[in-house]
Amino acid sequence: MLLLDPIPVIIDNLPDDYIEDIELPFSPKDPAFGTHIVPFTKTVYIDRTDFREIDSKDFFRLAPGKSVGLLKVPYPIKATSFEKDDHSGLVTAIHAVYEQPEDGSTAFKKPKTYIQWVGSSPARSSPIKAQVRIFNPLFKSENPDAAEGGYLNDINPDSEEIYPNAMIEIGIDEIRKRAPWPEEEGEKGVKKGEAGWESVRFQGLRVGYFCMDRDSETEEGKVVLNRIVSLKEDAGKAV
């Protein structure tokens, strides 16, 4: 699970030292890839795009008074309030409650949507900080030569977007150890642990497909990720 623009969610009705192991598959479609464990804790991070200050009927993710599921976490969370920066106006923290039934039963209302998240656990080295580079089309049109004044006037100023404060869950460590990941035909002779950074490839849920960049060697305490394939989404699909 990868978050481009993370914001913390404090789950107020969980103890400060709460930690629950959540098992996640590396590939939901192929059990052969195996599973890994991530920590679910009192403070988790979600992507900023998964929260709205004002709810609407066509928004199915987190908003004040609304519940949402966290992928593979047993019960939903409900947002109760949020904090904002006075100068930027950006939300800096969300407060929520964990909707585990108090009577000990396992029955609960299933939320309409489940979102990605990353737990905060220094003991588990979670989350892992990352710089993410999103590459978009270099030109704004399909025929840049037809642009008035020449093709240079058709260059897309947002052809590269950089997210310097992204976060990724700790499963990336095992992917790095098992690289090449996944193993391609031309890489089957490469010994595990000796593959280049670019051989570490994975899907960031709802974000795209990524590989690690060799700059990860020089970024102290960070990994650097490049998006190599975007996800095709239905423009009319409710989010």
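Colleague: In S9, which residue is the bridge partner of Leu70?

Modeller: The partner is Ile115. Keep in mind that this is a predicted model. The pair belongs to the contact between S6 and strand S9 (residues 114–115), where 2 bridges join strands that run parallel.

Colleague: In which sense does strand S6 pair with strand S7?

Modeller: Antiparallel: S6 covers residues 67–70, S7 covers residues 77–84, and 2 bridges link them. To fix the register, find Ser67, which stands opposite Lys78 in S7.

Colleague: How many residues lie between the strands in the hairpin of S6 and S7?

Modeller: There are 6, and among them Lys72 has a positive phi near 70°.

Colleague: How should I read side-chain directions along a strand?

Modeller: Side chains in a regular strand point alternately to one face of the sheet and the other.

Colleague: What is the strand order in the open sheet of 6 strands?

Modeller: The order reads S1-S12-S11-S15-S14-S13, and the pairing is mixed. Strand S1 (2–3) and strand S13 (201–204) form the edges, each pairing on one side only. Within the sheet, take S11 (residues 128–135) and S15 (residues 223–229): they are parallel, with 4 bridges. Arg133 can serve as a marker here, since its opposite residue in S15 is Asn226.

Colleague: Where is Pro127, and what is the peptide bond from Ser126 to Pro127, cis or trans?

Modeller: Pro127 sits in the loop between strand S10 (118–119) and S11. The bond from Ser126 is cis, with omega near 5°. The loop between S10 and S11 also holds Ser125, whose phi is positive, near 55°, although Ser125 is not a glycine.

Colleague: Is Ser125 buried or exposed?

Modeller: Neither label applies: the relative accessible area of Ser125 is 49%, so the residue counts as partly exposed, the cut-off for exposed being over 50%.

Colleague: Which loop contains Arg206?

Modeller: The loop between S13 and strand S14 (208–212). Arg206 is another non-glycine residue with positive phi, about 65°. Its relative accessible area is 34%, so Arg206 is partly exposed.

Colleague: What are the totals for helices and strands in the protein chain?

Modeller: The chain has 1 helix and 15 strands. Of its 239 residues, 40% are buried. The accessible surface is about 14,000 Å², with 49% belonging to carbon and sulfur atoms.

Colleague: What share of contacts between residues at least 6 apart in sequence joins residues at least 24 apart?

Modeller: In the protein chain that share is 58%.

Definitions and conventions. Residues numbered from 1 in each chain as written. Predicted model: local features only at pLDDT ≥ 70, side-chain atom pairs only at ≥ 80, totals over all residues. Heavy atoms only, no water. Pairing = 2+ DSSP bridges. Buried < 20%, exposed > 50% of the residue type's maximum accessible area, 1.4 Å probe, protein only. Contact = heavy atoms within 4.5 Å. Areas by Shrake-Rupley, 256 points an atom, 1.4 Å probe, with all protein chains shown as cover.
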